[in-house]
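Reader: Please pick one part of this protein and go through it closely. I would like to know what sits inside, what sits outside, and what packs against what. Then work outward to the rest of the chain.

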Amino acid sequence: MDTGFNAEPVERGEALRKRYGGGGGGGGRGGAAPPVSGRVDPFVPRSEHSPRELRSWAKRTGFVSDYSNEVGSTSASEKFEPLERNNLHQGSSPKIEIDPILGRLRNNRGNEIQPASHGVATTTRTENVNGNSNGDGNGVALGIGRRGNENEPVLAMAPDGERKVGLRGNGNANANGMVNRDGNGHGTSVVAPVPEQKEEEDVEGDVAQGDFKVNLYPEGEEPVDGGGWPGPEELKCRLTENPGFVYLFYYGLQHYLSLAGSLVLIPIVMVPAMGGTDKDTATVISTMLFLSGITTILHSYFGTRLPLVQGSSFVYLAPALVIANAQEYRNLTEHKFKHIMRELQGAIIIGSMFQSLLGFSGLMSLLLRLINPIVVAPTVAAVGLAFFSYGFPQAGTCIEISIPLIALVLIFTLYLRGISIFGRHLFRIYAVPLSAIIIWIYASFLTAGGAYNYKGCDPNIPSSNILLDACRKHAYTMKHCRTDVSNALSTAAWVRIPYPLQWGVPIFSFRTCIIMIIVSLVATVDSVGTYRTTSLQVNLRSPTPGVVSRGIALEGFCSILAGIWGSGTGSTTLTENMHTIDITKVGNRRVVELGAAFLILFSFMGKVGALLASIPLALAASILCFMWALTVALGLSTLQYCQSTSFRNTAIVGVSLFLGMSIPSYFQQYQPESILILPSYLVPYAAASNGLFHSGFKQLDFAINALMSMNMVVTMLVAFILDNTVPGSQQERGVYVWSRAEDFTADPSLPSEYSLPKKFAWCCCGLKCLGV
């Protein structure tokens with residue numbers, strides 16, 4: 001008899017309570033299910049449990065978003081905890097979870113995912129949307145499958161804990177541990193023991209039946225132990241490993257050879273523009289090698305402790321050229337180089353003191369909230385783009401040298417990058433030094449063969465003293481192309497130790513100090529992006545804001561040393577570190593330290609610096625064309641951490657780069673005198689003396705005109721303002737997620753990666769703002 005009562009809701013509620021809320025019954029769990037009423041109780045939160053104890057579906061299943069891992073309120077290690085931690089032992093406190101259907105707290109149902117292992121019983125469960133759950137006592141594995149027109153991912157757990165993903169076009173997932181669902185919503189989870197090793201023939205057979213294998217990791221990537229997720233690729237030598245002295249020596253030499261262009265080519269550009277001789281160039285190169293070794297070791301022990309090489313960055317090259325081309329220095333002939341170098345030293349010391357104060361005071365931790373990929377990417381890119389007027393105009397003086405060199409570098413880095421010799425990608429790793437050596441030898445043959453010999457012209461006579469117009473026309477070519485023009489090798493000493501104040505007492509002026517303070521902010525933004533990317537490359541959790549502050553503070557201290565020794569530029573983290581670690585697959589701290597020790601040793605050999613100073617200018621400019629282009633690419637690659645398809649982000653980056661190129665050009669046009677005096681490639685750096693801004697205070701006028709004529713400064717200011725004022729979500733902006741102090745407390749293995757050595761940590765134990 002029909003009583004008007006529909007029993008289906010009651011049955012459905014009973015099934016759902018069995019599935020989600022049942023404390024003892026259901027499908028192999030033992031015990032009978034409690035009686036279920038047709039009414040669903042409202043959600044009542046339990047205040048005695050911390051919200052952090054809750055585990056979402058993503059944490060339990062190991063789900064990884066294909067969008068970005070840079071955003072969110074939890075750190076990366078919290079998102080991807082090892083799966084073994086989810087295994088609850090009998091008698092332990094229950095795991096608190098919110099039922100997604102009933103909207104209430106549910107009791108622990110055991111592990112949602114249990115890696116299948118040999119010798120352990122597994123449960124096979126049958127589920128449908130009505131909540132019926134049957135089991136035979138064989139364990140649980142998760143699988144997702146749908147019947148439809150689209151391919152759906154199917155996730156299973158292998159015995160070793162490895163995730164397996166397969167796509168099935170028909171929607172029926174019959175793999176081990178998969179759930180099949182038909183159009184009515186019913187599903188069956190069938191678990192079979194996953195074999196430890198699957199033969200290649202079986203895989204091919206599955207694919208032949210219409211199954212598409214999808215590799216969860218890109219080519220060359222493997223999961224790391226403990227269920228975590230690796231960086232871009234597996235490293236050959238990790239951060240704290242000790243592969244032995246032979247490998248350390250080889251990896252160290254390899255690491256620094258790949259950075260050779262960034263370490264030694266800046267003086268070849270800067271010193272001649274300052275009026276220095278070939279001997280001065282050799283001395284500055286030796287000083288830079290010495291400071292790079294010292295500062296790298298200091299940063300490895302007391303900075304962020306990441307495997308990062310410190311050195312003279314391109315960030316400081318543009319302000320050095322601006323100061324060197326000031327109007328009062330153009331007609332200075334006697335001691336011009338030393339006077340400019342002393343003023344640079346004073347400016348670098350003041351700007352570096354500001355950077356150190358920013359780090360040691362803890363203000364850097366607050367500033368980190370405003371520095372994100374949308375600020376870092378265009379700023380670093382503008383550092384490379386700033387020299388577009390210098391690069392090929394200098395290299396083009398000898399196209400028979402520059403064109404082959406640029407082509408050879410591109411062939412090695414792009415076309416031959418996959419070729420392995422003795423298990424090493426030599427062309428990809430040594431592209432710059434190998435190309436430079438080949439073309440240098442080629443240029444020597446051209447010089448010896450008389451390609452640059454002109455009748456009645458002597459390459460050793462300066463063009464200003466040449467009387468014949470025909471020789472004056474060829475003087476520029478001889479100076480830039482011949483390999484025997486430099487007298488650095490003949491004048492340099494065999495042994496020379498760089499010493500402080502070797503150029504004299506620094507000169508402190510208001511105008512240059514203001515310039516270097518702003519430039520130190522650009523260097524800070526560059527270093528922050530490098531810290532974040534490198535921590536991911538070496539498979540580490542991102543550093544805490546305190547560790548970043550410590551690194552910036554030490555960079556400022558190292559730049560003070562550079563100002564005292566007189567290298568002409570500050571010392572900062574080289575952006576090219578990211579490229580070097582990526583191509584060598586070596587992110588080891590000891591490798592960097594050993595290589596730094598060799599740099600110090602080479603700096604004592606005066607002939608080494610003299611040999612590097614003998615590189616023809618056209619050849620050096622050709623290498624720098626590639627290095628500056630690489631800097632642009634590395635800067636723009638930071639956009640991978642944000643939503644690069646967002647119009648907000650693309651508009652900010654585009655506007656920042658365009659205004660960063662256009663506004664300096666506007667300031668650079670007010671210099672009619674410079675066009676008649678300076679070479680064309682140096683004209684953009686002479687706007688400080690004849691710029692648009694005039695306030696009546698010459699020191700301030702010089703500083704403002706100089707800053708507004710530098711591309712990287714304008715780009716950073718525009719990007720910084722727009723990114724922090726235009727509305728956008730954290731996911732869209734790709735906001736950097738730094739680790740927290742609580743993360744170190746939760747995982748005792750983490751502090752050892754970033755913490756200071758125990759012998760020195762006791763003296764800084766009170767500086768919590770530095771992550772000590």
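**A helix and its neighbours**

Author: Helix 9, helix 20, helix 26 and helix 29 are what the buried residues of helix 28 pack against. This is a predicted model, and everything below should be read with that in mind. The buried residues in question are Asp-701, Phe-702, Ala-703, Asn-705, Ala-706 and Leu-707.

One of those partners, helix 29, deserves its own look. Helix 29 runs over residues 711–723, which is 13 residues. From the first C-alpha to the last, helix 29 reaches 18 Å, close to the 18 Å expected at 1.5 Å a residue. Its buried residues are Asn-711, Met-712, Val-713, Val-714, Thr-715, Met-716, Val-718, Ala-719 and Asp-723. The cover over these residues includes helix 28 (698–708) and helix 30 (730–733). It also includes elements from earlier in the numbering, namely helix 9 (317–324), helix 13 (373–385), helix 20 (510–537) and helix 26 (647–668). Helix 9, helix 20 and helix 26 thus appear in the surroundings of helix 28 and in those of helix 29.

Where does the contact pattern of the whole protein stand? Among contacts between residues at least 6 apart in sequence, 76% join residues at least 24 apart. The protein has 772 residues, of which 50% count as buried. Its secondary structure comes to 33 helices and 11 strands. The accessible surface is about 35,500 Å², and carbon and sulfur atoms hold 61% of that.

Helix 5 can be set beside helix 29. Helix 5 also has 13 residues, with a reach of 18 Å between its first and last C-alpha, close to the 18 Å expected at 1.5 Å a residue. Its buried residues are Leu-248, Tyr-251, Gly-252, Gln-254, His-255 and Tyr-256. They are covered by elements that include helix 6 (260–264), helix 8 (278–302), helix 16 (426–429), helix 22 (577–584) and helix 23 (589–603).

Helix 5 also has a nonpolar outer side. Phe-245, Phe-249, Leu-253 and Leu-257 make a nonpolar surface patch of about 370 Å². Leu-253 belongs to helix 5, which spans residues 245–257. Because its relative accessible area is 43%, Leu-253 counts as partly exposed. That value also passes the bar of over 30% that a residue needs to join a patch.

Two of the elements that cover helix 5, helix 22 and helix 23, have a loop between them that holds Lys-585. Lys-585 is not a glycine, yet its phi is positive, at about 60 degrees. Its relative accessible area is 11%, so Lys-585 is buried. A second non-glycine residue with positive phi is Leu-501, with a value near 55 degrees. Leu-501 sits in the loop between helix 19 (488–491) and helix 20, and helix 20 is one of the partners of helix 28 named at the start. Unlike the buried Lys-585, Leu-501 is partly exposed, because its relative accessible area is 40%.

The cysteines come next. A sulfur pair counts as a disulfide when the atoms lie within 2.5 Å. By this rule there is one disulfide. Cys-398 and Cys-481 form it, with an S to S distance of 1.2 Å. These two residues are 83 apart and link distant parts of the chain: Cys-398 is in the loop between helix 14 (391–395) and helix 15 (399–415), while Cys-481 is in helix 18 (residues 469–481). The torsion about their S-S bond is about -75 degrees, so the disulfide is left-handed. Cys-398 and Cys-481 are both buried. As for other cysteines, Cys-237 has a relative accessible area of 0% and is therefore buried, whereas Cys-625, at 22%, is partly exposed.

Cys-625 also turns up beside helix 15. Ile-406 lies in that helix and touches Phe-392, Ser-622 and Cys-625, leaving aside residues up to four places away in sequence. The C-alpha atoms of Ile-406 and Ile-623 are separated by 7.1 Å, although the two residues are 217 apart along the chain. Ile-406 is partly exposed, because its relative accessible area is 25%.

Key
Residues numbered from 1 in each chain as written. Predicted model: local features only at pLDDT ≥ 70, side-chain atom pairs only at ≥ 80, totals over all residues. Heavy atoms only, no water. Patch = residues over 30% accessible without salt bridge, like charges linked within 9 Å, V, L, I, M, F, W, Y side chains within 5 Å. Areas by Shrake-Rupley, 256 points an atom, 1.4 Å probe, with all protein chains shown as cover. Salt bridge = Lys/Arg side-chain N within 4 Å of Asp/Glu carboxyl O. Helix = DSSP H or I, 4+ residues; strand = E, 2+ residues; numbered from the N terminus. Buried < 20%, exposed > 50% of the residue type's maximum accessible area, 1.4 Å probe, protein only. Expected span 1.5 Å × (residues − 1). Contact = heavy atoms within 4.5 Å.
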